[in-house]
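Here are some notes for a colleague who is going through the model residue by residue. They start with the terms for solvent cover and then follow the sheet, the packing on it and a few individual residues.

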Amino acid sequence: MNYATIKPRDIANGPGIRVSLFVSGCRHHCKGCFNPETWPFTYGSEYTAETEQAILSALGKPYIRGLTLLGGEPFEPENQPTVLGLVRKARELFPEKSIWCYSGYTLERDILSGKLGETAKELAAELDVLVDGEFMLDLKNISLRFRGSENQRILDMKQTLRNGAPVLWDGTKEP
């Protein structure tokens, strides 16, 4: 897997100060995408053991609230194994920190249906919050918190998986 960038201190993609990994590769090609350079799977740098260690080291800082995955598309089948491995290590080392993921895929139609494979379901089960749905330029709303267009949902994944139906994150506390 390649990645576009790592932000060791990001305040735009989830609550608090977070470590954000922008993966490379996305098939959605949303009109008005804020990161079209990440569409090619070959963009950026190769994700290595050293890359992962740098992310985990940044996550270990006491002021870091969690990890955010975005891109590109973390749920592309080519990216899933590496992203899942990182998430599991982060969860093991830092169980108190939240894990957010942004995806143009939708939870029910694409991820839980099996369309993207079993690894996608495993990855979804490890998340605290999933922001799902493609960015839609005609639904763009700059006043929305942590999302770009009105069709996108911020899902509390623990509650969603417990209830068997989508539960929106209420924005008051992290799951």
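1. Throughout this note, buried means under 20% relative accessible area, exposed means over 50%, and partly exposed covers what lies in between. Phe146, with a relative accessible area of 14%, is therefore buried. Please bear in mind that this is a predicted model.

2. Phe146 is also worth a look for its backbone, since its phi is near 60°, a positive value in a residue other than glycine. Phe146 sits in the loop between strand S6 (129-132) and S7. Most residues other than glycine have a negative phi.

3. A positive phi, of about 50°, also appears at His29, which is not a glycine either. His29 belongs to the loop between S2 and S3, and because its relative accessibility is 45%, His29 counts as partly exposed.

4. In what order do the strands of the open sheet run? The order is S3-S1-S2-S4-S5-S6-S7, which makes 7 strands with mixed pairing. Strand S3 (45-46) and strand S7 (153-156) form the edges, each pairing on one side only. Helix H1 (residues 49-59) packs on this sheet and touches strand S1 (2-10), strand S2 (17-23), S3 and S4, with a direction that makes about 145° with that of S4.

5. The antiparallel part of the sheet involves S1, which pairs in this sense with S3 over 2 bridges and with S2 over 5 bridges. In the pairing with S3, Ser45 is the bridge partner of Tyr3, while in the pairing with S2, Lys7 stands opposite Ser20. S1 and S2 form a hairpin with 6 residues between them, and in the turn Gly14 has a positive phi of about 130°.

6. Parallel pairing is found on either side of S4, which joins S2 over 7 bridges and S5 (residues 98-103) over 4 bridges. Leu69 can be followed across these strands, being the bridge partner of Leu21 and standing opposite Cys101 in S5. Leu67, in turn, stands opposite Ile99 in S5. S4 itself is mostly covered, with 7 of its 8 residues buried.

7. Which residues make the nonpolar surface patch of about 300 Å²? The patch is made by Ile11, Ile17 and Tyr63. Of these, Ile17 is found in strand S2, and it counts as partly exposed because its relative accessibility is 31%.

8. Is Gln80 buried or exposed? Gln80 lies in helix H2 (residues 80-93) and counts as buried, because its relative accessibility is 2%. Leaving aside residues up to four places away in sequence, Gln80 touches Pro74, Phe75, Leu116, Thr119 and Ala120. Gln80 can also be set beside Lys121, which is 41 residues apart from it in sequence but 9.9 Å apart in space, taken from C-alpha to C-alpha.

Definitions and conventions
Residues are numbered from 1 along each chain as its sequence is written. This is a predicted model: local features need pLDDT of at least 70, side-chain atom pairs count only at pLDDT 80 or more; totals for chains, interfaces and linings use all residues. Side-chain values use heavy atoms; hydrogens and water are left out. Two strands pair if DSSP finds at least two bridges between them. Contact means heavy atoms within 4.5 Å. Axes are lines fitted to C-alpha atoms, for helices over the stretch in contact, and angles run from 0 to 180 degrees between N-to-C directions. Patches are made of residues with over 30% relative accessible area and no salt bridge: like charges are joined within 9 Å, nonpolar side chains (Val, Leu, Ile, Met, Phe, Trp, Tyr) within 5 Å. Accessible areas come from the Shrake-Rupley method with a 1.4 Å probe; for residues, only the protein chains shown count as cover. A salt bridge is a side-chain nitrogen of Lys or Arg within 4 Å of a carboxyl oxygen of Asp or Glu. Buried means under 20% relative accessible area, exposed over 50%, partly exposed in between (1.4 Å probe, protein chains only).
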